[in-house]
Each structure stands twice: as C-alpha cells, then as structure tokens.
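Reader: I would like to go through this structure and ask, for each label, what it rests on. Please set each value against its definition.

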Amino acid sequence: MTADFSPFIPWPYLAMLAIAAAVLAALGIWRGVRGAWVRAAALAAFCLALANPILFQEEREPLSTIVAVVVDRSQSQDYAGRREQTDKALADLKDRLARFPQIETRIVEAADSEDSEAPSTRLFSALTSVLADVPPARVGGAIFITDGQIHDVPDINQKLGFDAPVHGLISGRPDEFDRRIEIVSAPRFGIVGEQQKLSFRVVDDGKAPGGTAEVTIRLNGNEIATEVAEPGTDVPFSFTVPRGGNNILEFAVNGVPGEVTETNNRAVHVLDGIRENLRVLLVSGEPHAGERAWRNLLKSDAAVDLVHFTILRPPEKQDGTPINELSLIAFPTRELFVDKISEFDLIIFDRYQHRGVLPILYYDNIAQYVQNGGALLIAAGPEHAGNDSIAATPLSAVLPANPTGVMNEKGFYPRLSDEGKKHPVTRGLEGAASEPPQWGRWFRTVDVDRPLGQTVMEAADGKPLLVLNRVGKGRVAMLLSDQGWLWARGFEGGGPHVSLYRRTAHWLMQEPALEEEALTARAAGRTLEITRQTIEGDPGPATLSYPSGKTEELTLTQREPGLYSAEVKTTETGLFEVANDELTTLVHVGNVDAPEFRAAISTEDKLRPWAEKTKGLVRRLASADGAIDLPSILPVRGAIRVADDQRLSLRMTDETVLRGINSLSLFTGLFGLAALLFLISATWYREGR
C-alpha cells in the first residue's frame, strides 16, 4: 500500500496557506491563548484536507514460470528404439509438469528442415525460438529430450539469454556402438581412361569391437575391388574412370552385430568423367556429297580429334600416274589399323569398299577392336551391295546385317520404327511425330537380310534404315543409305541430320544418357526424381529403399514412349537405393558430409558442460532393465545454487502482473467532514471553558 496527494488547489497556494496557519498557531501557542493547540490541530486538518491525501493499493497476480521442453525429432532418433523412449518420456514429463499450476510448459519439436541440404540437429536454435517472447526472469529452465547428438551447442562462454537450469534427458543405451564409413578426399572430375586417387576411412564410434573391416567398392553398380581397412586409418584407393558423365563410386563396409544402424555403412561419391578429346577415324571410300556432312559434323565438335582419309583413286585404276603422286600423304594403314587402333573411340567407314587398300587381316583387327569395346559405324552406299562389299570380309563377324545385293531405289520418308520411338538415339527427333514426318525424302537404301539388334529407323516398305547392335563389349551401327546429305542441304525442308548423327555416334561411344535400358535418380532438394528408360514394355514398379531401412513401391508413369518416371518427396536424408528389374541406382539426398550422418551413437557429453554450468542434470532415460526412469520435478524459489543429481530443478519466478489499483481519499466525503467538524467543535468547546 502507498500514499500520495491530490491537492484541490495548486501547491504554491497551499504552501502559503499552510505557512500562514502555522504562524497563527505558533503565535497563539506562544501567547498562551486558551485552545491554541486545538486551533493548530484544526488548521492542520484543514490544510491536510486541501492537500487531499490518498491511499493506493495495487492488485497483482503472480505470473507463471515458463519451462521449455525441446524434443529431438531428427533422423538419428529413429535408431535403436530412441523414438519410443522419447515419446514415453515426453508424455510422462507433461503429466509431471501439469501438477504444478504455476508452471507453463512450452514444447517445441525440432526436426530436419525439409529444404535443408545439410541436415543437422539444431535444438538450441529451437530453444531460442520458443523463448523469443519470454522475459528472462520468467524462464524456469530448459529440458532437452534427445539422443545427445546436437550440432548447434553454443560455446560454454556464451550466454543463453536466461538464468535457469539446462537439463538433458538422453535416449538410447549407454553401451551403444556404431561403425560407419566416410570419404576423406576425392576428385570431382576425372579424365576417361585415366587413373584417379581418393581416400576413405572406416570409423568406429563407441565401444569398438576391434579388428579390421572389409570394404566393398563398386563403380557404376559393378564391384571393382575389396579392401581391408583398419578403423580410424585413411585408406588410399585408385581406379580408372570408365566413361564420360556421372560415375558413381559406392563404398560399403560390412555391418557389425549390435551396432546402432547400418544406414551409414555405405558412402557414395559422384565423379564426372571427362573425355579427353574423342579420337574418331573417318575413312571415306570415295568422294561423294554425303562425305562433307560427316566431316562437318565431326569437325564442328571441339571435343573431337578427327582423322579423315578419302580414297581418291582405287588401286586398280591404271593411267600412268607415278606412285609418288597418287596421294598427298601415304595412307598409314598399319599404324591406324594395327598399332594404334585401340586409341580410337570410333571408326567410321563411309561408303567404303574392299579394293585392296586394306589387307584382309586388318578387317579381323577391326572386328576384334569392336569385340573388346570399340565402336564402328558403317554409312553404306551402293558399293555395300556389290561384290567388293566389306560385308564379304572378316568384318562381317560384327556386322548386324548382310546385304542381299539389291539396292532399293524408291523415294521414301525415313520413319521411326516402333523400337525407334522408344530408343534414346531416335526418340523425340524433331519432326518425327507427324505422318508423314516433317522432313525431306531419301531415294535409295541397301537391302539387307533380317538384321540383328534394333532397327530404329525404316525406309520404304518397312525396310531397315538404321540398325544398332551390341557385339561383345563394343557396339556397331549401320546406316543403310548414303543420302543423309539431302537433309544437310535442306532438300524438301531438310531434316534433323545433326541430332541423328550425333546421337548415333555418342551411343556407339557408350554415352550413359543414351543407354536403352537405364535407371537413373536425382535429388532436387527433398524430392527424388526417378527415370526409367527402356525399349521393352512397361517396366513395372520401382522399389525405393530409404536410409532408415524402410522400402516403398513406386509406380512408374510413362512420360513418352520408352521413358517412365516417378517423383517422391521425402523427409529423410541420406543414401537411397532404387531398383527395377535387374537395374539399381543410388542417390544421396542432402550433403554426404552432413552432421546428421557423422555420428549415430547417443551421448551425454555435449549437454553436460551446460548442465554443470547452470546447475542442471543430464541423465539417460532408460534404466538398466530398459524401463523409462524419469527424474522428479523440484521447484525452487530464488537462485539455484546447488545442482541436484536426482531431480530436475526449476527456478520459480517472482514476477507478477498488475491487474488494478484501489484508491482511498482520507479527507473527502463523510470521513473528512466529520474530522473537521470534530476539531472545530473542540475549539469552541475549549473556548467556552
């Protein structure tokens, strides 16, 4: 209760009146006038009444104590029954805190952000957020329910913004163990055909069982090596980049019985293979209009080193020209087709016929080159149907079709076959969707027997035009017409000769994006995009294996002929595996070195320094028998000076909120009037005596 004044007249006038009253009272007392003391009291009461003294009484309501409960919902809580422990502990803690009406509980559940590329457990950020509007004096404490793997613990010398205990209730078992593998250093790019080096490490967290670990290494799904690693030691590894584009290296360490999880027993690294200038050998059997189309296409690509020879004069032509004038340079047949044939990525025979320029043995070398992984393209003309056709040489062992000796002389629109509409080499060629196709006609093709492989383009009457086939480790393509140059010249509107020739060449050189049967997956944020390429029928559903171990069947929807896809949003991060038929692929969501995957065992160590500093408690939820053992709540008034190792101490606040003020004027109303009348009457009474 407090007192104050609310004078009826300004203070200066009231002061003068009080001084005058005091002088009169003092004079009366000094002269000994009867009733002077009573008059002095009456004057004082009158001045006090004019000053209007008021008593004030505040009505205050005590504020609640805010206790923050931060629940860890990160991906590591899915391991070893931690989520069940967390849920039960949270329910029990809610009940216990509810028994204290003066405590207000604020619960925040912290999970990985859906758009996070580097998932981590950020509980202190969640704590700051939930207490952003709370005055520090009202915070009674913070209770973390977590496995202890927190990645935003502030430095112990920083301030939390409140003076109250920090407690940790740790899920998981005290004797946990986990084995994981991580890539220490690796290149992002590599030259195709050259060796690259990287290093990896096997890490044992917790009570390690000891011994060595066996690591299986796969490249693009094929096992290439098995290494024995000592946990904690960097292991170097060398490999050869097999192809251009994405190359996926997978490192898998054998699991150990009793470890927390096997989801981090695999690690992947994606390396982009770069071809060091493709070497292409183009041999033209004679000068013709289509020769320039091939040459211009290959010369326009800066990544292609082209070696081009044209046979200007056949050996059988005898006109007296000296031998040393038959060519500008000698045709180095042995060097090209024996010594250095393996250095070429692609060999093209353009309207070439066997007329003694190449010894017959060299054709067998070319066939072996294809069998061992080489690429051969036959661009055939009328000579392929003649007696000197290269189909009559040992090269026929790798050719997908043999000529019948007949030329089909008839105008036609090149069309995609049913396989061609699905095949990545020809699928979606500009102008192919209409009937007839929106491109110019050709006028002759080489007639062949029923070809092997895939006929992706057809000529008149459904005859084969472009045939693709795999032979051993290599590939062969046959274009059974020499009139692609009509498209290049714009005849009847031209056609997509550049796309057709380039795709054919890249398929021959085993470009991954042009594989007939392929399964790929990529991550766009937290969305997985799965693509299945096939020239067969519906591939059926794909199986998606999550990092947590659960699996899901995905329906693949046809996007266009031969191309199926599916999209799935996921809240998990880590290494996913997609399987369909016999194809599998891996894709990693989030950064491969994200904090959430570095350690999986539960720990008390990260929260303990803050608990010791703030007089809090850190202990495990599960007792020795596996039951949840939750500490009791201890409300404390004032500062907490001693930590309690058995109870969760909470500092209760003394803060209140003002609800209203009651005021009482002492000299107004009946009370003031009665006091003045009493004193004046006493003065009269005294004077009457």
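Reader: Which residue follows α9, and what is the sign of its phi?

Author: Gln510 follows α9, and its phi is positive, near 60 degrees. Helices here are DSSP runs of H or I with at least four residues, strands are runs of E with at least two, and both are numbered from the N terminus. The model is a predicted one, in which local features need pLDDT of at least 70 and side-chain atom pairs count only at pLDDT 80 or more, while totals for chains, interfaces and linings use all residues. Residues are numbered from 1 along each chain as its sequence is written, and side-chain values use heavy atoms, with hydrogens and water left out.

Reader: How do you know that the span of α9 is close to the one expected?

Author: The expected span is 1.5 Å times one less than the number of residues. For the twelve residues of α9 (497-508) that gives 16 Å, and the distance from the first C-alpha to the last is 16 Å.

Reader: What makes the buried residues of α9 a one-sided set?

Author: Buried means under 20% relative accessible area, exposed means over 50%, and partly exposed lies in between, with a 1.4 Å probe and protein chains only. In α9 the buried residues are His497, Leu500, Tyr501, Thr504, Ala505, Trp507 and Leu508. They cover an arc of only 165 degrees around the axis, and therefore lie on the same side of α9; the arc is that of the directions from the helix axis to the C-beta atoms. An α-helix has 3.6 residues a turn, so residues three or four places apart point the same way.

Reader: What do the span and the buried residues of α1 show?

Author: Helix α1 (residues 11-31) has 21 residues, which should span 30 Å, and its end C-alpha atoms are 30 Å apart, so the two agree. Its buried residues are Leu14, Ala21, Ala25 and Gly28. They cover an arc of only 60 degrees around the axis, which places them on the same side of α1. On the other side, Pro12, Met16, Ile19, Val23, Trp30 and Arg31 are exposed.

Reader: Why is Arg351 called buried, and why is Asp581 called exposed?

Author: Arg351 has a relative accessible area of 10%, so this residue counts as buried. Asp581 is at 61% relative accessibility and therefore counts as exposed. Arg351 lies in the loop between β17 (346-350) and α7 (360-371), and has a positive phi of about 50 degrees although it is not a glycine. Asp581 lies in the loop between β31 (574-580) and β32 (583-589), and its phi, near 55 degrees, is likewise a positive value in a residue other than glycine.

Reader: What makes β16 and β20 the edge strands?

Author: Two strands pair if DSSP finds at least two bridges between them. Eight strands form an open sheet with mixed pairing, in the order β16-β15-β17-β18-β24-β23-β22-β20. Within that order β16 (304-310) and β20 each pair on one side only, and these are the edge strands. Further along the order, β22 (454-458) and β23 (464-471) run antiparallel and are joined by four bridges, with Met457 having Leu466 in β23 as its bridge partner.

Reader: Which strands does α7 lie across, and at what angle does it run to β24?

Author: Helix α7 lies across β17, β18, β23 and β24, and runs at about 120 degrees to β24. Such angles run from 0 to 180 degrees between N-to-C directions, the axes being lines fitted to C-alpha atoms, for helices over the stretch in contact, where contact means heavy atoms within 4.5 Å.

Reader: How do you know that β10 is mostly covered, and what are its partners?

Author: Five of the seven residues of β10 (213-219) are buried. β10 pairs with β11 (222-229) in the antiparallel sense over seven bridges, and Arg218 stands opposite Glu223 in β11. The two strands form a hairpin with two residues between them, and Asn220 in the turn has a positive phi of about 55 degrees. Five bridges also join β10 to β13 (245-253), again antiparallel, and the bridge partner of Val215 in β13 is Val253.
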